[in-house]
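Trainee: Could you walk me through one part of this protein up close, and then show me how the rest fits around it? I'd like one connected answer that I can follow with the model open.

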Amino acid sequence: MSIQSTIEAVAQTLPPSTRRIAEVVRERPAIVLESTISELAVRCETSEASVVRFCRALGLSGYSQLKIELATELGREFAQFGPSLNYGSDIAATDSLREMAAKISSLEILAIQETVARLDYDALERVVSAVDASDRVLLFGVGASHFIAEDLQHKLFRIGRNAFVLGDPHEALAAAALPGARTVAIGFSHRGETQETVAFLREAARSGASTVGVTSARGSALNEVANETLFTEVRETAFRAGAMVSRIAQLAVVDCVFAGVAQRRFDETVDALKVTREAATRMHGSEKNSEI
C-alpha cells in the first residue's frame, strides 16, 4: 500500500485543516522526514491535533508511523528509480526537460505497479463475467476520462462486442434509462465525483444494468452508486491538464478488463482480431494500388 497514493486519493475528502497538510506532503513528501509534528503543523498553518487526524485518515496510528512509512516508501523508490523522483517531489520550475521526463515516467510506472498490485481481482473477475455475458456495454466519462472510455470501446468492438461510448451527458442518460437486464454500464472518473458520470451510473442501475466505476477515490460518489468498483492508485503531478498519471492507471485497468473478456472466448477473439486486421490491410493495399 502506497502512502503517497493514499494521500492523493483522500485529499479532496478531508476538511480544510487536514487538507492543507495533504497538499504540503503531496508536493514534497520528504518534509515529513525533516520535520517534527510541531514544525509540520506550523508549516501547514494548522495544529498538531490536525496532523494526528490527518495520519488517522490515512489509516495510521500517528505521526511516528507516517514518518516510518514514508521513509520506507521513499527509500524503496530511490533504490528503484534513483534521483529521478527527488524523494517524491513534484515537477519543479527549475527541472530540465530530462529531469521532468524522468519524474513523469517514474510516476507513471509507479501508477501501473501500484494499481495492479492493489487491484481487487475478485471484483475484476465479476466485471469481466458481466461484460462477457452482456448484450451491450455503455461507456461514459467526462474530459480525459472520455478517452479512456473510447479506448475500451475500441478494444471490445474489435472482438465483436457491442460497446458504445456516449458522447454527452444527455445521450448517456438516455442510453442508461433504457431497460438493461443484460447491459453493463461503466463510468470513468479519477476523483469519483463527476456529477454527469455519477448520474449516468445511477440511471443505469435504476434501469437494471450492472454498473461499474473506475476511480482512484474510495468512498467517492461514483463508488457509492456502482455495483463494482475498480480502483486506480495514482500520484498526479501539479500539471494535471489531461490527467497524465491517472490516465495511465485507468488504461492499465481497461487493458485488464479487455484481456479478461477476450480470454473467455480465446479462439473467437483470435479470429475476430485476424478478420479486422485483414480488413484494414486490404484497405491500405487498395490505397497503394490507387496511387500507382
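Mentor: Let's start at E233, which touches S5, A111, E114, T115, R118, R218 and A249, leaving out residues up to four places away in sequence; contact here means heavy atoms within 4.5 Å. Before going on, keep in mind that this is a predicted model, where local features need pLDDT of at least 70 and side-chain atom pairs count only at pLDDT 80 or more, while totals for chains, interfaces and linings use all residues. Residues are numbered from 1 along each chain as its sequence is written, and side-chain values use heavy atoms, with hydrogens and water left out.

So where does E233 sit? You'll find E233 in the loop between β5 and α13. Helices (H or I, at least four residues) and strands (E, at least two) are DSSP runs, numbered from the N terminus. At 3% relative accessibility, E233 counts as buried. The cut-offs are under 20% relative accessible area for buried, over 50% for exposed, and partly exposed in between, using a 1.4 Å probe and protein chains only. Along the chain, E233 and V245 are 12 residues apart, and their C-alpha atoms are separated by 9.5 Å.

Next door is T232, also in the loop between β5 and α13 (244–264). T232 is buried too, with a relative accessible area of 1%. Setting aside residues up to four places away in sequence, T232 touches T115, V214, T215, S216, A249, Q250 and V253. T115 and A249 turn up among the contacts of both T232 and E233. There is also R118, which touches E233 and lies 114 residues from T232 in sequence, with 8.2 Å between the C-alpha atoms of T232 and R118.

Now step back into the strand. E228 belongs to β5 (residues 228–231). Like E233, E228 is buried, in this case with a relative accessible area of 18%. The contacts of E228, not counting residues up to four places away in sequence, are A123, R126, V127, T211, V212 and G213. R218, one of the residues that E233 touches, has another partner worth a look: the charged end of R218 sits over the ring of F231, 4.2 Å from its centre. To count as sitting over a ring, NZ of Lys or CZ of Arg has to be within 6 Å of the ring centre and within 35 degrees of the ring normal.

While we're on rings, how many aromatic pairs does a search of the whole structure find? It finds one. The ring centres of F140 and F200 are 5.5 Å apart with their planes at 55 degrees, so the pair is tilted. For the rule itself, rings of Phe, Tyr and Trp (its six-membered ring) pair if their centres lie within 6.5 Å, and planes under 30 degrees apart count as stacked, over 60 as edge-to-face and the rest as tilted. F140 lies in strand β1 (residues 136–141) and F200 in helix α11 (residues 195–206), so the pair ties together parts 60 residues apart in sequence. Both phenylalanines, F140 and F200, are buried.

For contrast, try I112 in helix α7 (residues 97–118). I112 counts as partly exposed, at 37% relative accessibility. Apart from neighbours within four places in sequence, I112 is in contact with I248 and A252. The C-alpha atoms of I112 and T276 are separated by 29 Å, with their positions 164 residues apart along the chain.

Then have a look at E45, in the loop between α4 (37–43) and α5 (48–57). At 65% relative accessibility, E45 counts as exposed. E45 also has a positive phi of about 55 degrees although it is not a glycine. Most residues other than glycine have a negative phi.

Finally, the whole picture. The protein has 14 helices and five strands, and its C-alpha atoms fill a box of roughly 70 × 50 × 30 Å along the principal axes. Buried residues make up 48% of the 292 residues. Of the contacts with a separation of 6 or more, 68% are between residues 24 or more positions apart.
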